[in-house]
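Please read the numbered points below with the sequence and the structure open. Each point takes up one topic and may be checked against the display.

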Amino acid sequence: MSAAALYGFLAHGIIFGAFVAALPLGGRWRMLALVAIPIALATGIASFMHGIVGTPSLTLLALAVWQLASLRQSPLAYRPALALLTFAIPFYAMALGLGPLDPYAPGYQPLPLLAASLPLAALLWWRRLDGWLLILAFDLAGYASGLFANLWDVLFDPLLVLVALTVVVGRSFRRRTSPEGNPVDA
Amino acid sequence: MTLPRWLPPLLFVLAMGAAAWRAPAPAAPEFSRAPSAAASRAPASFAAAMLPSAAPSAHAATLAELPDGRLAAAWFAGTREGAADVAVWFATLSADGWSQPQAIATREGTAAATLAYVRKIGNPVLYNDGERLHLWFVSVAIGGWAGSMLNHSVSGDGGRTWAPPVRLQTSPFLNISTLVRAPPLPLADGGLGLPAYHEFIAKHGEWLRLAADGRIIDKGRMALERRAVQPAVAALDERHALAILRDGGPAPGQIRSATSDDGGRRWTAANALPLPNPNASVAMLRLHGDRLLIAGNGASNRNELLLWISDDAGKNWRSAPSVESVGDAGAEFSYPALLQARDGRIHLAYTWRRQGIKHAVFNEAWLDGGTP
């Protein structure tokens, strides 16, 4: 098996553990989440996720580890999730054939994309979004490892977009049901 | 724990430098001037025979010539198309005839090698680069063929043993809907240009540029006005190429085409060829000079397998002798694969009534109307 196959398989085990960690399981959530990882690997759950979803992005893996380690609040708050949705939905539509241009193709020779990440990194640093800057560094280091042929696959994937959708929809739902109508998070 | 303010940007700069070092920046692609077979003065010849059966249902043959001159064929077969027992089968043709088929890719083996669930496999493509025999084939985890992912395996011993397949990342959305049908073209830098296609929601041809190590380093789209898939490509010189595609639009169909004038980086829709296509796979081969040969089906069904020749790089086409033609509209002779061996003989493999794969071998004298 290839290193990329091993990465995808193990990463999906960790992501499954992070999903379990996000469930309302009370005080024993961390133990249950850590038990869920080997269960996912041993029972075929991770293999099934790998088959259906494909190779997970390093961003999703980093957020999963973040969730499992219970490091402060997840960086995937409402605004980053909304920004990801705004970018990813037309990106996927064009990549699947809407229009003549394929935005996925430049990810195979990504020097211009890497250059574009410089102002993004500067913005993240200026706004003191260290979590996202570290995740971006983690993503680029992962690309440099050779596990990924296309830079876009390092940055996001459909499962991450689905998570972002739940963040946005969840926040909208909470705003509706909140008596004051105030946002719950930023 | 609070990180020093300087640490995240420092890590970012280091990672970006490493990523920039890794990012491919290949030169503009050019097609390789592959040595073409010499024009033969042999008398017209034609022979055809069925390949040994591997399973009740067989489809989608592909051909390659091995370094020792043997012809290799691969196809998928099982109880029916899409069944869990479908495997990619491989056989070689020597002076003793066709070898017994051996399974070189299975659903279980692909799942084990990729550590990912696989429901079915299909469409193989063989290519011999002189040192290694390549096999690309599609696998599906969920849904129909539109959900296909692309896998790649290589053999260093003429197909006896194969490395575990590697799944290629060709699409950002669940990595689905990249299929292959026709063989790649060699590029001048040692890489390959692999015709592929997409059929989830939209249907169009694609072009994958592979580095010499098999890694994808570019991808292009053949965007036509009509739905068209399964491109087969012939290089006309170092920069120009013609792609012909299966017409996926409403009947009556014609063979669709696209051209490239920059080594395959960009593809432009061209006029449909004046040749019928009943939404069925076509094959194309460049013979010596500017001669091109196409194999495909007749206007309305797959009960005729026809050949057409162009003597002027695809501008004009004329009919060559037909290979199969029966009155039964339900009969199927489809999914042709063409290859010209180094000895100049032309090999054609195709699906025969879904019951097996048939192999025909002929020469240019027969194409030009000579009687065997």
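1. In this predicted model, strands of chain B form an open sheet of 4 strands in the order β16-β17-β18-β19, and their pairing is antiparallel. At the edges stand β16 (228-235) and β19 (268-270) of chain B, each of which pairs on one side only. From one strand to the next, the twist averages 30 degrees.

2. Within this sheet, strand β17 (residues 241-247) of chain B pairs with strand β18 (residues 256-260) of chain B in the antiparallel sense, over 5 bridges. One position may serve as a landmark: B:Ala243 has B:Ala258 in β18(B) as its bridge partner.

3. A second antiparallel pairing in chain B joins β20(B) to strand β21 (residues 292-297) over 4 bridges. Here B:Leu285 lies opposite B:Leu293 of β21(B). The hairpin of these two strands has 5 residues between them, and in it B:Gly289 adopts a positive phi near 65 degrees.

4. Are the side chains of strand β20 (residues 283-286) of chain B buried or exposed? B:Ala283 and B:Leu285 point one way, B:Met284 and B:Arg286 point the other way, and all are buried. The charged residue B:Arg286 is thus listed among the buried ones.

5. Attention now turns to chain A, where helix α1 (residues 3-21) packs with helix α2 (residues 29-43) at an angle of about 150 degrees, the axes being 8 Å apart. The crossing of α1(A) past α2(A) is right-handed. Among the residues that make the contact are A:His12, A:Phe16 and A:Val20 of α1(A), and A:Trp29, A:Leu32 and A:Ile37 of α2(A). By class, the contact comprises 13 nonpolar, 3 polar and 1 charged residues.

6. How many residues of each chain take part in the contact between chain A and chain B? On chain B there are 45 residues, and they touch 46 residues of chain A. The elements giving two or more residues to the chain B side are α1 (7-22), α2 (107-114), β10 (166-168) and β15 (216-222) of chain B. Of these, α1(B) gives the most, with 11 residues. The chain B side divides into 32 nonpolar, 7 polar and 6 charged residues.

7. A remark on confidence concludes this note. Chain A has an average pLDDT of 92, and 95% of its residues score at least 70. Among the elements of chain A, the lowest mean pLDDT (91) belongs to helix α9 (residues 158-177) and the highest (98) to helix α8 (residues 151-155).

Key
Residues are numbered from 1 along each chain as its sequence is written. Chains are lettered from A and ligands numbered from 1 in the order in which they are written. This is a predicted model: local features need pLDDT of at least 70, side-chain atom pairs count only at pLDDT 80 or more; totals for chains, interfaces and linings use all residues. Axes are lines fitted to C-alpha atoms, for helices over the stretch in contact, and angles run from 0 to 180 degrees between N-to-C directions. A crossing is left-handed if the near helix is turned anticlockwise from the far one by less than a right angle, and right-handed if clockwise. Two residues are in contact if their C-beta atoms, placed from the backbone, lie within 7 Å. pLDDT is the predictor's confidence in each residue, from 0 to 100. A residue is buried if 20 or more other C-beta atoms lie within 10 Å of its own, exposed if 12 or fewer, and partly exposed in between; C-beta atoms are placed from the backbone. Two strands pair if DSSP finds at least two bridges between them.
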